[in-house]
Amino acid sequence: MKKKYFNLLAIPALAVIVFCLFSGFSSQDPKHAVQSLIDQRTITMQSFSLGEIPYREAEKRLRQIEDETILKQDLKDLAAEETSSISRVSSVSFEELTKKKQFFQYITYEAKIVWDTGTSTSEGLYNVVIKEEDGNYKLTVFEPAKL
């Protein structure tokens with residue numbers, strides 16, 4: 001009887017352990033990470049700007065997706081409520097996303113992004129840098145490209 005219950009618990013537990021171990025070996029595609037991080041940042045900044053989430057929640061979300069480099073400025077902007085002039089973005093599309101270089105755990109991209117508010121669109125060229133640590137990525141730089 002004890003062996004039967006042991007098997008009922010041991011087999012699913014072993015499956016969970018194996019799944020967790022192997023899921024760590026397949027890291028997220030860096031290009032997908034760039035798009036996801038910029039989408040999350042956009043949603044967080046505009047949600048705070050429109051009063052949908054409080055400062056603490058916005059800070060918590062940004063800390064999960066941003067490195068200290070960009071985080072300091074974003075938190076400063078949130079505290080100063082400089083994001084209030086942002087229009088509601090209904091979609092973000094990446095027309096081009098080109099890897100420029102990789103230096104250790106930092107990957108630099110040039111992104112041509114189209115921001116759609118539903119009534120108008122704007123397009124811009126951006127420098128984006130992400131940092132990889134243990135298969136996870138954080139946004140380090142997100143700024144308009146200097147022409």
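Q: Strands are paired once DSSP finds at least two bridges between them; in this predicted model, how many bridges join strand β1 to strand β2?
A: Let's start with the partners: β1 covers residues 91-103 and β2 covers residues 106-116. The two strands run antiparallel, and one opposing pair in them is glutamine 102 with isoleucine 107 of β2. Joining β1 to β2 are 11 bridges.

Q: Which residue takes a positive phi in the hairpin of β1 and β2?
A: The place to look is the turn, where two residues lie between the strands. A positive phi near 55° occurs in this hairpin, and the residue that takes it is phenylalanine 104.

Q: Which residue of β3 stands opposite alanine 111?
A: Moving on from the hairpin, β2 also pairs with strand β3, residues 121-133, in the antiparallel sense. That pairing runs over 11 bridges. Within β3, the residue opposite alanine 111 is tyrosine 126.

Q: Which strands stand at the edges of the sheet?
A: The open sheet has four strands, ordered β1-β2-β3-β4, with antiparallel pairing. An edge strand has a single partner, so one side of it is left without a neighbour in the sheet. That description fits β1 and β4 (136-144).

Q: What is the average twist from one strand to the next?
A: Here the sheet to consider is the open one formed by four strands in antiparallel pairing. From one strand to the next, the twist averages 25°.

Q: What pattern does the protein chain follow along the sequence?
A: It helps to count the elements: the chain has four helices and four strands. Read along the sequence, these elements give α-α-α-α-β-β-β-β.

Q: How is α2 oriented relative to α3, roughly parallel or roughly antiparallel?
A: Helix α2 (residues 30-49) packs against helix α3 (residues 55-65) with the axes 10 Å apart and an angle of about 170°. Angles over 145 degrees count as roughly antiparallel. Therefore α2 relative to α3 is roughly antiparallel.

Q: How many nonpolar residues does the contact of α2 with α3 have?
A: Back at this helix pair, with axes 10 Å apart, α2 contributes Leu37, Gln40, Arg41, Thr44, Met45 and Phe48. From α3 come Tyr55, Ala58, Arg61, Leu62 and Ile65. Sorted by class, the contact has two charged residues, two polar ones, and a nonpolar count of seven.

Q: Is isoleucine 65 buried or exposed?
A: Isoleucine 65 sits in helix α3 and touches Leu37, Gln40, Arg41, Lys138 and Leu139, leaving out residues up to four places away in sequence. Its C-alpha atom is separated by 7.5 Å from that of arginine 41, which is 24 residues apart along the chain. With a relative accessible area of 4%, where the cut-off is under 20%, isoleucine 65 is buried.

Q: What is the relative accessible area of aspartate 74?
A: Aspartate 74 lies in helix α4, residues 68-79. Beyond its neighbours within four places in sequence, aspartate 74 is in contact with Arg41, Met45, Leu62 and Glu66. This aspartate is buried, and its relative accessible area is 2%.

Q: What percentage of the residues in the protein chain is buried?
A: For the chain as a whole, the accessible surface comes to about 9900 Å², with 56% of that belonging to carbon and sulfur atoms. Among the contacts with a separation of 6 or more, 45% are between residues 24 or more positions apart. Of the 147 residues, the buried share is 33%.

How values were computed: Residues numbered from 1 in each chain as written. Predicted model: local features only at pLDDT ≥ 70, side-chain atom pairs only at ≥ 80, totals over all residues. Heavy atoms only, no water. Axes fitted to C-alpha atoms, helices over the stretch in contact; angles between N-to-C directions. Parallel < 35°, antiparallel > 145°, perpendicular 65-115°, else oblique. Contact = heavy atoms within 4.5 Å. Nonpolar A, V, L, I, M, F, W, Y, C, P; charged D, E, K, R; others polar. Pairing = 2+ DSSP bridges. Buried < 20%, exposed > 50% of the residue type's maximum accessible area, 1.4 Å probe, protein only. Areas by Shrake-Rupley, 256 points an atom, 1.4 Å probe, with all protein chains shown as cover.
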